[in-house]
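Thanks for coming. I have one structure to go through today, and I will keep to a few of its helices and strands.

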Amino acid sequence: MDSDLAKLDREIINNDVYNHLAERWYEAQDDPIALLRNQHKLELPWILEEIRRNIGYRAEILDMGCGGGFLSNDLALAGHSVTGIDLSTSSLKVAEKYDRTRTVRYMQGDIYQVPFPRESFDVVAAMDVLEHVSEPSKVIAEATRVLRPGGLFFFNTFNKNPLSWLIVIKGMEWFVKNTPKDNHVYSLFIDPDKLRDWMDDVGLELMTLRGIRPVFAQKAFFQLLRSGVVPKDFRFKFTKYPLIAYTGYAKKMREH
């Protein structure tokens with residue numbers, strides 16, 4: 001089922017770590033996955049509002065690289081029809097277990113070649129995915145292929161600069177327990193202008209882009225630095241400038 005590109009990805013970045021998280025997807029605090037959970041808490045209300053405003057209260061959504069199902073399961077709880085696709089069978093089992101609606105369609109599959117016809121979805125999400133693949137432009141093109149005209153493409157990834165290297169890669173290694181080797185690889189970080197060009201090439205128009213980072217002036221941040229454990233109340237915030245991580249969405253305006 002793996003494409004040659006998916007195999008190449010595994011040689012560059014340690015995506016295999018997600019195969020071994022099991023219940024830690026939802027329970028671990030001594031792991032970088034806890035930061036991803038807390039970041040998701042910030043992003044979810046914004047994603048739901050943009051879907052409601054642009055599509056409506058019930059959309060057909062594809063979650064590419066869905067992992068343990070944080071986004072898929074919450075979108076289903078909000079009433080949307082959701083499909084989650086990922087290469088990790090163990091992650092998919094956890095995602096399915098935590099799907100309280102029992103409506104999400106979870107499938108093993110390669111995000112470079114999703115098994116759906118053109119214009120199958122109103123929304124496609126690739127959250128915290130693009131920095132884990134060697135050819136993100138091809139993932140974006142595939143997302144666009146299965147989007148309906150006027151559909152939305154949501155993304156979250158890391159900017160490519162010395163600050164993001166220091167905080168995302170070295171900061172994780174120094175201060176977060178159980179950070180695996182090559183959890184992130186700097187060569188796969190993406191300059192926002194390059195991402196914008198890739199989207200424009202396939203007929204996506206960028207609608208919103210903004211930075212996202214931890215709240216540094218919070219007690220939980222200093223607790224993390226001291227203990228290596230992510231407090232449950234650790235918070236992130238949106239920022240005007242995409243200096244470290246950034247998120248946003250684009251709209252499909254034309255066929256490529």
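**Strand β8 and its surroundings**

Let me start with one pair of residues: Thr157 stands opposite Tyr246 in β8. Please keep in mind that this is a predicted model.

That pair belongs to a longer match, since β5 and β8 pair in the antiparallel sense over seven bridges. Strand β6, residues 204–214, also pairs with β8 in the antiparallel sense, over eight bridges. There, Arg210 is the residue opposite Thr247 in β8.

Why is β8 described as largely enclosed by the rest of the structure? The strand covers residues 245–252, and eight of its eight residues are buried, so it counts as largely enclosed. Both faces are covered: one side has Ala245, Thr247, Tyr249 and Lys251, and the other has Tyr246, Gly248, Ala250 and Lys252.

Now to helix α7, residues 162–175. Its buried residues are Ser164, Val168, Ile169, Gly171 and Met172. What covers them includes β5, which is residues 147–158, and α3, which is residues 32–54. At the start of α7, a side-chain oxygen of Asn161 comes to within 3.1 Å of the backbone nitrogen of Leu163.

Last, α3 and helix α4, residues 70–77. Their axes come within 10 Å and cross at roughly 35°, and the crossing is right-handed. On the α3 side, the residues in contact include Ile33, Leu36, His40 and Ile51; on the α4 side they are Phe70, Leu71, Asp74 and Leu75. The residues of this contact divide into nine nonpolar, one polar and two charged.

Definitions and conventions:
Residues are numbered from 1 along each chain as its sequence is written. This is a predicted model: local features need pLDDT of at least 70, side-chain atom pairs count only at pLDDT 80 or more; totals for chains, interfaces and linings use all residues. Side-chain values use heavy atoms; hydrogens and water are left out. Buried means under 20% relative accessible area, exposed over 50%, partly exposed in between (1.4 Å probe, protein chains only). Helices (H or I, at least four residues) and strands (E, at least two) are DSSP runs, numbered from the N terminus. Contact means heavy atoms within 4.5 Å. A polar contact is a pair of N or O atoms within 3.5 Å; within protein, one must be able to donate a hydrogen and the other to accept it, and residues adjacent in sequence count only if both atoms are side-chain atoms. Two strands pair if DSSP finds at least two bridges between them. Axes are lines fitted to C-alpha atoms, for helices over the stretch in contact, and angles run from 0 to 180 degrees between N-to-C directions. A crossing is left-handed if the near helix is turned anticlockwise from the far one by less than a right angle, and right-handed if clockwise. Ala, Val, Leu, Ile, Met, Phe, Trp, Tyr, Cys and Pro count as nonpolar, Asp, Glu, Lys and Arg as charged, and the others, Gly among them, as polar.
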